[in-house]
Structure formats: structure tokens, C-alpha cells
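Me: I've got a model open and I'd like to learn how to read it. Can you walk me through it, one feature at a time?

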Amino acid sequence: FGGQRLRGRRVVVSAGPTYEDIDPVRFIGNRSSGRMGFAVAAAARDAGADVTLVAGPVALPTPQGVRRVDVRSAREMHDAVLAAANGADIYVGAAAVGDYRPAGAAAHKLKKTDGEPLRLELTENPDIIAALAASPTHPFLVGFAAETRDVEAYAREKLARKGLDMIAANDVGGGRGFEVADNALHLFWADGDVALPSAPKTALAHQLMAHVADRYLATHGP
Ligand code: PMT
């Protein structure tokens, strides 16, 4: 794939879900398998980059030649990504980060409430990619947008609101996107877009990284 266009560049990729603990045995999670992000990490490695993969709880082997940091919660992922992205050239946020966590994880297993509703109070998690964007020396930022409707409008809104250089939108309605082997992406940046039709995530990740390299090298030299 187009030679080693990212040789000598440091790329950080996040992948997988986050688990937000309710008590010692229960958590709030999501259906991300990590497949998309792991494929992106392998594609960045194939482009010659030095790659760090920050992975939520997933059951996938580490791509060869990629440095992996395992995390569980959104706050752990936030800290690991910010540490790894310090001085990095490109960040690709493919992780499905939990937007909320229980306000306080119970120290002991919760008991049934005798027919009364059990209420969980949720607190907002930090936005990792927005935190990166807030630094004046931030890497080239590629976000994902997982949407079930109005994909383009929400993706463009996230591109602008989060201060990203590019966003990869996927329609995750009807069993698409999460968990499965194939995906389709629509990439948006400030003055362009390209649709990448349905393909195995491994192939799609190489196409995505080719467009990321184009946009990144256009602004950061050969
Ligand atoms: O893992 P798979 O099973 O292969 O599935 C792939 C996928 C569907 C999870 C992936 O393609 C995808 O869309 N990942 C992003 C999912 C998501 O949470 O999107 P979002 O629209 O909620 O978030 C937008 C962007 O902000 C993402 O880059 C996300 O990583 C980032 N974010 C979100 C919340 C938060 N607290 N911090 C963040 O950095």
C-alpha cells in the first residue's frame, strides 16, 4: 500500500469499548469488539509508522510490531491516550468510549431492591479526543463517528465541535459497524469527503490510512 509513507511518524490508535464499573461484578459497556481500531493500528504499521495501540477490554491478538497498552475505563483510556499522544504525529480515535459512568462504583455487589426500581446516577466521562484538541501541539486528529441516523450531519458537527482534522463516519444501525467483520466509512474533512464502500475492516483500514497520510502529509510535509 503506497510504500512507507508514514515512516518515522508516531501514530496512536484507540480501539475497543470502555467498561464503567457499577459494582465489583457489573459494568456498563458497549458492543465494540476492537476490530476496526486493531485494523487501523496494523495499517498504520504497514505505512511505516511507530504505532501505539490503546485498547479497551477486547479479546484480540496484538498486531505484530505494535505497542499495546490495555485499559478498562474511559478515565484510564483518557490517561493512557494523553500520555502516548504526547509528541505523537497522528491520533486515530476508533474506540467507543463510554460517555457516562456510574457516579460512584459500589464497593460490594449490589443487592436486589425488593421490587423497587434501582436507580443508577451517571456522571459524564472526559472527552479524550477533545482533550487532545485543546493542546496547542496536538497531533493530527482523526475521530470516528458512530451514528444510527443523519450520519453526515452528525459527523460534520463532531468534526467541527471537537476540533478534528478528519472524521470517519459509520452507520451503526441495523447490526452494522460494531462487532462484525465488514464496515463502510464516509470520511469528512474541512474541504472534502470520500465514501469508502463496504469492505473487510482490514482493507478499509488501509484505505483510511492512505487518506489520513494524504491529508497529514499535505499539511506536515513529505
Ligand atoms: O470495535 P468494532 O466492533 O470493530 O466497531 C467499530 C466501531 C463501530 C466502534 C468504530 O468504527 C467506531 O465508530 N468507533 C467510534 C465509536 C464512538 O464512540 O463514536 P462517537 O460518535 O460516540 O465518538 C466520536 C469520537 O469521539 C470517536 O473518535 C471517539 O473515540 C471519541 N470520543 C468519544 C467520547 C469520549 N468520551 N472521548 C472520545 O475521545
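Me: What should the twelve residues of helix 1 span, at 1.5 Å a residue?
Reply: Bear in mind first that this is a predicted model. The rise per residue gives an expected span of 16 Å for helix 1, and its end C-alpha atoms are 16 Å apart, so the two agree.

Me: Is helix 1 mostly covered or mostly open?
Reply: A general idea to start: an α-helix has 3.6 residues a turn, so residues three or four places apart point the same way. Here, though, eleven of the twelve residues of helix 1 are buried. Among them are Arg35, Met36, Phe38 and Arg45. The cover over these buried residues includes strand 1 (10-15), strand 4 (50-55), strand 6, strand 11 (182-189) and helix 5 (201-220).

Me: Which residues are closest to the ligand?
Reply: Those are Ser33, Arg35, Met36, Gly93 and Ile128, out of 30 residues that surround the ligand. By class, that shell has 13 nonpolar, eleven polar and six charged residues.

Me: Which element gives the most to the shell around the ligand?
Reply: Strand 9, with four residues. Helix 1 (35-46) and helix 3 (128-133) each supply at least two as well. Strand 9 is also mostly covered, with seven of its eight residues buried.

Me: Which strands does strand 9 pair with, and how do they run?
Reply: On strand 6 (residues 90-93) there are four bridges to strand 9, and the two run parallel. Gly93 has Gly143 as its bridge partner there. Six bridges join strand 9 to strand 10 (residues 166-171), again parallel. In that pairing, Val142 stands opposite Met166. To get from strand 9 to strand 10, the chain passes through helix 4 (residues 151-161), a right-handed β-α-β crossover.

Me: Now the backbone angles. Which residues other than glycine have a positive phi?
Reply: The background is that most residues other than glycine have a negative phi. Two to look at here are Asp150, with phi near 45°, and Glu179, with phi near 75°. Asp150 sits in the loop between strand 9 and helix 4, while Glu179 is in the loop between strand 10 and strand 11. There's a glycine to look at too: Gly48, just after helix 1, takes a positive phi of about 95°.

Me: Why does Asp150 count as exposed?
Reply: You count C-beta neighbours, and 12 or fewer inside 10 Å means exposed. Asp150 has 10, so it counts as exposed. Glu179 is partly exposed, because it has 13 other C-beta atoms within 10 Å.

Methods
Residues are numbered from 1 along each chain as its sequence is written. This is a predicted model: local features need pLDDT of at least 70, side-chain atom pairs count only at pLDDT 80 or more; totals for chains, interfaces and linings use all residues. A residue is near a molecule or strand if its C-beta atom, placed from the backbone, lies within 6 Å of it. Ala, Val, Leu, Ile, Met, Phe, Trp, Tyr, Cys and Pro count as nonpolar, Asp, Glu, Lys and Arg as charged, and the others, Gly among them, as polar. A residue is buried if 20 or more other C-beta atoms lie within 10 Å of its own, exposed if 12 or fewer, and partly exposed in between; C-beta atoms are placed from the backbone. Two strands pair if DSSP finds at least two bridges between them. A crossover is right-handed if, with the strands pointing away from the viewer, the path from the first strand over the helix to the second runs clockwise. The expected span of a helix is 1.5 Å times one less than its number of residues. Two residues are in contact if their C-beta atoms, placed from the backbone, lie within 7 Å.
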